[in-house]
Amino acid sequence: MYPDYHLHTEFSGDCKTPIRDLISSAKEKGLNEICITDHYDHEFPEGIAQCSFDLDFDSYFRTLSELKEELAPDFTLKIGIEQGLMPSTCEALSDFSTRYPMLDFIICSTHVVDGFDPYYPPFFEKWGEKAGYRRYFEEILYIVQHFTDYNVYGHLDYILRYGPTKADNFDIREYMELFEAILKTIIQNGKGIELNTGSLYRGMDFPHPHSAVLKLYKELGGEIITFGSDAHDTVHIGYDFDNGAGLLKSLGFKYYCTFEKMKPEFVKL
């Protein structure tokens, strides 16, 4: 089983899964390594979600550090976080890994654009579908050009989950200049992306990002890639990773990555 590097627990505002239940389920599924990446969206706008995306850092890092030591050497627990970034928060979070040296891994994600989260209908009421997609990708481009304290960019096309027609109205060629600039910047900065299977159990027929984006990433020289289920429960840990690995191989990828102390380790697919 490939290690799952995108998982949420009771420490995330949108999740109630006890961390020990998640670890037990991972073991039962045959995984011997996972990375917990609970949500932290600094300055998440008030009033658009029914939960908080703050994080109790002291409790979170203490709990994960204790579990990491308790589970070793039979099970590898890595300490991660999913940072929700906006242009306005890039500077404030630019040294996060220095402030928290126990971190192994940081996912950088875009959840909010211009004060709206695409998860909620007002985003598309404001922008419409195609213009909303373009605005979302423009936001990611700005962030990767101004922020480097992360390891992989999460679910690059997260917005497609919630668009009125999902990916039916998505053609990468309409956004090619943005994706080329985004991926080239990610690669030049020594960062990577994730293969996120969370879209598959949400009713879509491709992982994040779309295979066209994965193909472009590889053609541009991208090598750093992790597996992540984005599970908020015990059921979806490691979801469909074998098929995900097959997709990566078909596109020419030879390795996936794990991380320790913010450094990638390449493992043959």
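**Figure 1. Proline 73 in the loop between α2 and β3.** In this predicted model, proline 73 is found in the loop that links α2 (57-71) and β3 (76-84). The peptide bond leading into this residue, from alanine 72 to proline 73, is cis. Its omega is near 0°. As a rule, most peptide bonds are trans.

**Figure 2. A cis bond at proline 209.** Proline 209 lies in the loop between β6 (192-196) and α7 (211-219). The bond from histidine 208 to proline 209 is cis. Here omega is near -10°.

**Figure 3. Positive phi at lysine 166.** The loop between β5 (152-153) and α6 (176-188) holds lysine 166. This residue is not a glycine, yet its phi is positive, about 55°. Most residues other than glycine have a negative phi. Lysine 166 counts as partly exposed because its relative accessibility is 37%, and partly exposed covers the range between under 20% and over 50%.

**Figure 4. Positive phi at methionine 262.** Methionine 262 sits in the loop between β8 (255-260) and β9 (263-268). Its phi is positive at about 70°, although methionine 262 is not a glycine. Is this residue buried or exposed? Methionine 262 has 18% relative accessibility, so it counts as buried. The cut-off for buried is under 20%.

**Figure 5. The open sheet and its edges.** Seven strands form an open sheet: 7 strands in the order β1-β2-β3-β4-β5-β6-β7. The pairing is parallel. Which strands are at the edges? They are β1 (4-7) and β7 (225-228), and each pairs on one side only.

**Figure 6. Where β6 meets β7.** Strands β6 and β7 run parallel and are joined by 4 bridges. Isoleucine 193 stands opposite isoleucine 225, a residue of β7.

**Figure 7. The largest nonpolar core.** This core has 83 residues. Which of them touch the most other members? They are Ile34, Ile36, Phe96, Phe137, Tyr153, Phe170 and Phe227. Helix α5 (residues 129-146) gives the most to the core, with 7 residues.

**Figure 8. The contacts of tyrosine 153.** Tyrosine 153 is one of the core residues that touch the most other members. Leaving aside residues up to four places away in sequence, tyrosine 153 touches Cys108, Ser109 and Thr110. Ile140, Ile143 and Val144 are also among its contacts. Further contacts of tyrosine 153 are Ile186, Gly192, Ile193 and Glu194. Ile193 appears in Figure 6 as well, opposite isoleucine 225.

Terms used
Residues are numbered from 1 along each chain as its sequence is written. This is a predicted model: local features need pLDDT of at least 70, side-chain atom pairs count only at pLDDT 80 or more; totals for chains, interfaces and linings use all residues. Side-chain values use heavy atoms; hydrogens and water are left out. A nonpolar core is a set of buried Ala, Val, Leu, Ile, Met, Phe, Trp, Tyr and Cys residues joined through side-chain atoms within 4.5 Å. Buried means under 20% relative accessible area, exposed over 50%, partly exposed in between (1.4 Å probe, protein chains only). Helices (H or I, at least four residues) and strands (E, at least two) are DSSP runs, numbered from the N terminus. Contact means heavy atoms within 4.5 Å. Two strands pair if DSSP finds at least two bridges between them.
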